[in-house]
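Visitor: Got a minute to go through this model with me? I'd like to start with the empty spaces and then move on to the packing.
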Amino acid sequence: MDLFTCLHVLISLVGIFSGFVVVFGMIGDRPLPGWTATFLSTTVATSVTGFMFPVHHFMPSHAVGTVSLIVLTFTLLARYKFDLAGAWRRTYAVTAVIALYLNVFVLVVQAFLKIPALHALAPNGKEPPFAAAQGTVLIVFVALGIAAARKFRAPPELS
């Protein structure tokens with residue numbers, strides 16, 4: 001792995017870890033501003049650096065990165081421009097969970113590509129073990145999104 005790839009992976013892993021902290025903070029109705037800033041900045045950086053790999057055509061990873069940046073635009077607006085007021089609180093919770101899901105989705109794809117034992121189970125990324133893993137991840141994130149949207153009531157002080 002070259003230095004740029006290592007940096008991209010490190011940023012992604014920090015984004016995923018901090019994203020889980022933020023999501024469970026929302027479920028516990030704790031805004032965690034420092035963790036939130038880390039999650040959002042590293043998740044934006046993950047998507048942006050994903051476009052910097054030397055490729056000559058649009059790839060599925062570019063589609064995921066584009067969707068992620070669009071979702072993150074709403075997350076950032078909800079949190080930092082609209083201060084989670086009114087419907088922006090739920091918008092923030094849902095889009096933050098979607099942004100984290102997209103990073104974990106890519107993590108699972110990369111795990112099946114790079115980890116020999118997983119790659120042997122799904123060499124084309126279309127086999128049942130891959131589908132089961134991604135389906136499980138999706139179900140978990142739908143549940144996390146619902147919980148975060150229902151339980152997060154952070155304003156007025158945004159501790």
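Visitor: What volume does the largest pocket have?
Guide: The largest pocket has a volume of about 1,000 Å³. Here a pocket is an open set of points on a 1 Å grid over the protein atoms alone, with protein on both sides within 12 Å along at least five of seven lines, while a cavity is a set where a 1.4 Å probe fits but cannot get out; lining residues have an atom within 4 Å of a point. Grid points are joined across faces, edges and corners, and a volume is the space filled by probe spheres set on the points.

Visitor: Before we go on, what kind of model is this?
Guide: This is a predicted model: local features need pLDDT of at least 70, side-chain atom pairs count only at pLDDT 80 or more, and totals for chains, interfaces and linings use all residues. Residues are numbered from 1 along each chain as its sequence is written, and side-chain values use heavy atoms, with hydrogens and water left out.

Visitor: OK, which residues lie nearest the centre of the largest pocket?
Guide: H8, F53, S61, V106 and Q110, out of 31 lining residues. By class the lining has 18 nonpolar, 12 polar and one charged residues. Ala, Val, Leu, Ile, Met, Phe, Trp, Tyr, Cys and Pro count as nonpolar, Asp, Glu, Lys and Arg as charged, and the others, Gly among them, as polar.

Visitor: And which helix gives the largest share of that lining?
Guide: α4, with 10 residues. At least two residues each come from α1 (3-27), α2 (33-50), α3 (60-81) and α4 (87-114). The helices are DSSP runs (H or I, at least four residues), numbered from the N terminus.

Visitor: What about closed spaces, how many cavities of 30 Å³ or more are there?
Guide: One. The largest cavity has a volume of about 30 Å³, and its lining is P31, P33, T36, R79, L84, Y92 and F152.

Visitor: Two aromatics there. How are the rings arranged in general, say for F4 and F53?
Guide: The count of aromatic pairs comes to eight. The F4 and F53 ring centres are 4.9 Å apart with planes at 65°, so the pair is edge-to-face. Rings of Phe, Tyr and Trp (its six-membered ring) pair if their centres lie within 6.5 Å; planes under 30 degrees apart count as stacked, over 60 as edge-to-face and the rest as tilted. This pair links distant parts of the chain, with F4 in helix α1 and F53 in the loop between α2 and α3, 49 residues apart.

Visitor: And Y92 with F152?
Guide: Their centres are 5.9 Å apart and the planes sit at 45°, so that pair is tilted. Y92 is in helix α4 and F152 in the segment after α6 (128-151), 60 residues apart.

Visitor: Is Y92 buried or exposed?
Guide: Buried, at 1% relative accessibility. Buried means under 20% relative accessible area, exposed over 50%, partly exposed in between (1.4 Å probe, protein chains only). F152 is buried as well, with a relative accessible area of 1%.

Visitor: Switching to α3, what do its buried residues pack against?
Guide: They pack against α2 and α4. The buried set in α3 is H62, V64, G65, S68, V71, L72, T75, A78 and R79.

Visitor: Last one: which residues is T49 in contact with, leaving aside its neighbours within four places in sequence?
Guide: F4 and H8, where contact means heavy atoms within 4.5 Å. T49 lies in helix α2 and counts as buried at 11% relative accessibility.
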